[in-house]
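Student: Could we go through this model together and check each label against its definition?
Tutor: Gladly, let's take the terms one by one.

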Amino acid sequence: MAFRSTSGGPLSHGAIVRLLLAGAVAAGSLGAGLARAETERSAPKAAHAHQWPAHPIDLELLLAYHDFEIVGVKGGVGGVMGVKRVELRFPDGQEIPVKWKAAPAGDADGWNNTPRKEIAAYVIQKWFLDPVDFVVPTTVVRCIPLDQYGAISSRKTKANIAGTSCVTGAFSAWLSDVKVPEMLHDEERFASDPIYAQHLADFNLLAYLIKHEDGRGGNILVATDDDQRRVFAVDNGVAFGSWVKNYWVRNWNKVRVAALRKQSIDRLRQIKENQLEALGVLSEHRAGEDGVLRPVPFSANADPDHGSRVAEGWLQLGLTEDEIEDIEERLKELIEAVDSGDQPVF
Ligand SMILES: Nc1ncnc2c1ncn2[C@@H]1O[C@H](COP(=O)(O)OP(=O)(O)O)[C@@H](O)[C@H]1O
Ligand SMILES: [Mg+2]
C-alpha cells in the first residue's frame with residue numbers, strides 16, 4: 001500500500017502504522033484517531049450497511065491517509081455549497097465514491113460549511129451506535145494537492161490554508177441506494193414497525209445531541225430499501241449551536257419520535273468526561289515539504305475558545321469549550337428525562 005512520507009517518499013503500510021502508533025504514544029494522544037482506527041480495523045467486524053462503499057472504520061483510514069487518484073467527478077449533485085461526487089482510486093485498485101466539500105478559505109470554518117462539525121457528528125454517533133447502524137457517513141479532513149485539483153475544478157484554484165499548496169476540505173463516504181424521503185416521520189409506522197422505529201429514533205437521538213438545525217430535504221436521506229429503512233444525516237454543518245439556523249424547515253434538534261432506544265441511552269450513560277474533552281481536538285494536519293497537509297498526532301488543544309486553529313502550514317480542528325459544554329448539558333437533560341419517565345424509551 002503506497003503511503004507517502006512527509007518528504008514525499010513511499011512508506012509501507014506497516015511502517016506508517018508503527019510510526020503513527022509510536023507518535024501517538026509519545027504524544028500521549030491517539031494520533032489523529034489512527035491508532036484506534038487501526039485497532040478497530042484489524043478487529044473482526046460485523047458486516048456494514050450496504051449503503052457504505054466500504055466498512056466505515058476502514059474508510060477512516062483509507063480516506064485520511066492513503067494516496068489516491070481522482071478517476072471521476074460529478075457536480076450538480078444538490079445542496080448549496082457546490083459539493084461534488086468524486087470517485088477515488090486507491091493503489092490497491094479499490095474505487096471509493098466520496099463527497100468533496102472544499103472548506104472556506106482562511107480557517108476552514110464557515111457558518112454552513114465546517115468540516116470540524118461534520119467530524120464531530122461522526123464521532124458522537126460512535127458513542128451509541130455500532131458501525132452497522134451509523135447514521136453519519138465517514139468524514140475526514142483531506143487536502144488535495146493543487147496539481148491534482150484540476151480534475152475537480154477547471155478554474156485556477158488557490159490553496160485555502162496559508163502555507164500549503166493544496167485545497168483543504170472534507171471527504172465523506174458517498175452512500176448508495178439512498179433517497180430523499182417523501183415522508184421522514186410516519187408516526188403510525190413508528191408505532192408498529194420496530195426496525196423503522198430503531199433507525200429513526202437513533203437518527204433523532206444523534207440530531208438532538210449535535211443540535212442539528214438544517215433539516216431540509218437532501219440533508220437527511222433514507223435507504224431505498226424500505227424493509228430496512230435506515231436514516232442518514234449527510235450534512236451536519238449547521239449544528240452545535242450555529243449562529244444561523246434553517247428556520248423554514250422541520251428540524252430534528254428536539255426529540256420528535258415517540259420514544260428513543262433504551263440501548264442507545266444506556267450506552268450514553270457510559271460517556272465519560274474525557275470523551276467529551278476529546279471533542280476539543282478532532283483532527284490535526286501539518287504540511288509536508290511538498291506543502292500538502294497530512295494528519296499528524298494530536299497536540300494539546302491550541303485554543304478551546306475557537307474550533308478552528310490555524311498557523312502557517314498547520315490546522316487543528318475541534319469543538320469549542322462552549323459547544324462541548326452544551327453537549328454535556330443536552331446529554332444530562334436527556335438522561336434525567338429518561339430516568340424521570342418524561343422521555344419514553346423502547
Ligand atoms: N454522503 C452522501 N452520500 C450520498 N449523497 C450525498 C451525501 N452527501 C450529500 N449527498 C447529496 O448531495 C447533496 C449536497 O450535499 P450537502 O452536504 O447537503 O451539501 P450542501 O452543504 O451544499 O447542502 C445532498 O443534499 C444529498 O442529496
Ligand atoms: Mg445540504
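The dialogue below asks what stands behind each label.

Tutor: A note on conventions: this is a predicted model, in which local features need pLDDT of at least 70, side-chain atom pairs count only at pLDDT 80 or more, and totals for chains, interfaces and linings use all residues. Residues are numbered from 1 along each chain as its sequence is written, while chains are lettered from A and ligands numbered from 1 in the order in which they are written.

Student: Why is Val-83 called buried?
Tutor: A residue is buried if 20 or more other C-beta atoms lie within 10 Å of its own, exposed if 12 or fewer, and partly exposed in between, with C-beta atoms placed from the backbone. Val-83 has 21 other C-beta atoms within 10 Å, so it is buried.

Student: Which residues does Val-83 touch, not counting residues up to four places away in sequence?
Tutor: Val-83 touches Val-77, Lys-99, Trp-100 and Lys-101; contact requires C-beta atoms, placed from the backbone, within 7 Å. The C-alpha atoms of Val-83 and Lys-101 are separated by 5.0 Å, although the two are 18 residues apart along the chain.

Student: What puts Glu-323, Ile-324 and Ile-327, which are buried, on the same side of H10?
Tutor: They cover an arc of only 100 degrees around the axis, so they sit on the same side of H10; the arc is that of the directions from the helix axis to the C-beta atoms. The buried residues of H10 pack against H7 and helix H9 (273–277). On the other side of H10, exposed residues include Asp-322, Glu-325 and Lys-332.

Note on methods
Two residues are in contact if their C-beta atoms, placed from the backbone, lie within 7 Å. Helices (H or I, at least four residues) and strands (E, at least two) are DSSP runs, numbered from the N terminus.
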